[in-house]
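Notebook open, structure loaded. I wanted to look up a few spots and jot down what turned up.

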Amino acid sequence: MRDVWNPVLVVIILLSLALGSSSLTRGHDWGDDFASYIMQGQSILNGNPAGFVEHNTFTILESSFQIGPVAYPWGYPLLLTPALLLKGVHPLTLKLPGLVFFAGFLICLYFWTKNRLEPAESLLLVSVFGFNPTLIKFLDQILSDIPLLFFSGLGLLLILTLKPEDLLWKYFVLGAALFFAFFVRTTGIILPASFLACQFIEFIRNSESRRRILGNSAAATFVFVVLWLGTSQIFPNGQGSYLEQLKELTPAIIKDNISNYFHLFAFFFGAEPLWTYLYYGLTIFFLIGVWTRRSTDQPLISFFALYFIAMLFWPEWQGIRFIFPLLPVFVYFAFQGMKFTINRMPDHYRPISQGTFYVFWLLLIGIFLFNSGLRAYENMKGNRQINGPFDPVSSDVYNYIRTETPPDSVVVFWKPRAMRLFTDRDTFMSTECERLLLGDYVVISKKAENSQVPPDKIDQCNLKLKDVFENQRFIIYEVPE
C-alpha cells in the first residue's frame, strides 16, 4: 500500500482529476449512445429492464439502419444508477463515475509498470495518460469506454502479477475482473480470451505446473461463468443484435479498418501531421519493445493482438475510443523499445541518450498538460457550457413533444434514443421520405447532415406535413392521418 501513496503518484492523479473535473460540461455531444446507457440505468431503478428492451427494440429495428444494439451490456448502466438516484438525468453527475474509474486506471497502470520500468519511468508513463488531452476531453462523455479502460487495466495487472503457485482465491478475483470487463462492454470478452490463450501457452511450455495451471484457469473461468449466468437471469440480453451489424462486414471494410485503426493511434498524441510522424517513430520502438519483451510480457502482446484483430472485423467505425485499452500497451512497449535501444548503444553515448529519453517524455507531458489545462480553463471560463441535446434550444423541442403530443405518439428524429430519453415517446430514425409516414411527428434538425431527410429536401417528399413548431435549430412537423 505504500506504493499507492507515492507522493508524486498522488499529485499526478489529483492534478489529472482536477483537469478532468474542470473539463466537464453541462451538456453532451449528439452521439446518442449515452441516452441508451441512461435509459438502461433508469430501467434498473424502475425494476423494468425488459420494458427498456421492448421500446429500444422498436427504435433499433424501425430505423433506416441499425444505430446500435437493442441493449448494451448492463454493467455501465448499473454503475450509473447511484448518480441517477441522486440527481436524475443530470449530465455533470452522470460523468462523475468516469472520473473515479479514470483514477483507478492510472493506479492500475502504475502498478503493472512499476516492476517493469524504473520508478521515474512508471511515473512518466502514468503522466502521459493522466494529462493526455484526448482522454481528459473524453471524460466529458457518458459512455462505457473509461470503465472498460479501468477493468482491462485491472485485469492485465492481475494476469501479469499472478503466479501458478498463488492461492486459488486470487484467481477467483481475477475471474471477477475478467467478467466485469465484459459486463461493461462487449469487447471486454477479449480480456478473458487473452488470459486463456496465455494459460494454454504456459500449459504447453511448463509441464511441471500443468495441473496447477489448469486449476487456476478453471477457477477464474468458473467465477466468470457463474457471474455471467447470474446476471443473465437478472438482465435481458440485447447484445445479440450486434450480430446483425456483422452482416454489413465486407472485405473492403476490413481493408479500410487495417489502415484506419493503424493510423488512429496517432490521434492519441494530436491531430496535426507532426504527431503522425512522431507516432511512426514510436511504432518502431513499439515493435522493438514487443520483440525484446515477447517472453516476459506475453499477456500484453496477446491482448493487444487479439483486440486489434477484433477491431478489424467490426463494420461500424468507432473512432479512437475503440482503441483506448490498447493505448497503454502501445506506449509501454514504446518505452521498452527505447530503453532497449539505449542499452545497446556504446557506453559513452548512453548518458546523453538516457537524458534525451527523459527530456522527450517530459516535453510531451508538458505539452499535454498545457493543452489539457487550457481546455479546462476555457471550459470553466465559459461556465461549463450547455451543449448538444441538453441545451435550451433542444429542451424547447422536448417540452413541445411532452406537452403537446399524445403519450402513444411515434416520433421520427435523427437521434431517436435521445428523443425517447427526454420525451418518453417511441422514436425511430428515417432517411427515406416514405417511412416518415410511419410516425406521428417528424422532428428535423436544420444542422444535421445525415441520419435524416435533409431539411432542404423535406418539401420534395410531397407528404403535406404540417409545421407545428420551429426554433433556430429544429422544425417539428405533424404527419397527416
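Started with T187, which comes out buried at a relative accessible area of 17%, because the cut-off for buried is under 20%. Worth keeping in mind that this is a predicted model.

Where does T187 lie? I found T187 in the loop between α9 (168-184) and α10 (190-205). Next I checked its side chain: a polar contact of 3.3 Å joins it to the side chain of Y307. Skipping neighbours within four places in sequence, I listed L148, Y307 and F322 as the residues in contact with T187.

Moved on to L149. This residue sits in helix α8 (residues 145-161), and its relative accessibility is 1%, so I logged L149 as buried. Beyond four places in sequence, L149 is in contact with F105, F324, P325 and P328. I also looked up the C-alpha separation for L149 and P328: 9.3 Å, with their positions 179 residues apart along the chain.

Then the nonpolar cores. Which members of the largest one touch the most others? I got F129 and W361, out of 134 residues in that core. Helix α5 (residues 91-113) supplies the largest share of this core, eleven residues. For F129 I pulled the contacts outside four places in sequence: F102, F105, L106, L109, L135, F268, L327, P328 and V331. So P328 shows up in the contact lists of both F129 and L149.

Last entry: there is a second, separate core of 14 residues, and V410, V442, V453 and L465 are among them.

Definitions and conventions
Residues are numbered from 1 along each chain as its sequence is written. This is a predicted model: local features need pLDDT of at least 70, side-chain atom pairs count only at pLDDT 80 or more; totals for chains, interfaces and linings use all residues. Side-chain values use heavy atoms; hydrogens and water are left out. Helices (H or I, at least four residues) and strands (E, at least two) are DSSP runs, numbered from the N terminus. Buried means under 20% relative accessible area, exposed over 50%, partly exposed in between (1.4 Å probe, protein chains only). A polar contact is a pair of N or O atoms within 3.5 Å; within protein, one must be able to donate a hydrogen and the other to accept it, and residues adjacent in sequence count only if both atoms are side-chain atoms. Contact means heavy atoms within 4.5 Å. A nonpolar core is a set of buried Ala, Val, Leu, Ile, Met, Phe, Trp, Tyr and Cys residues joined through side-chain atoms within 4.5 Å.
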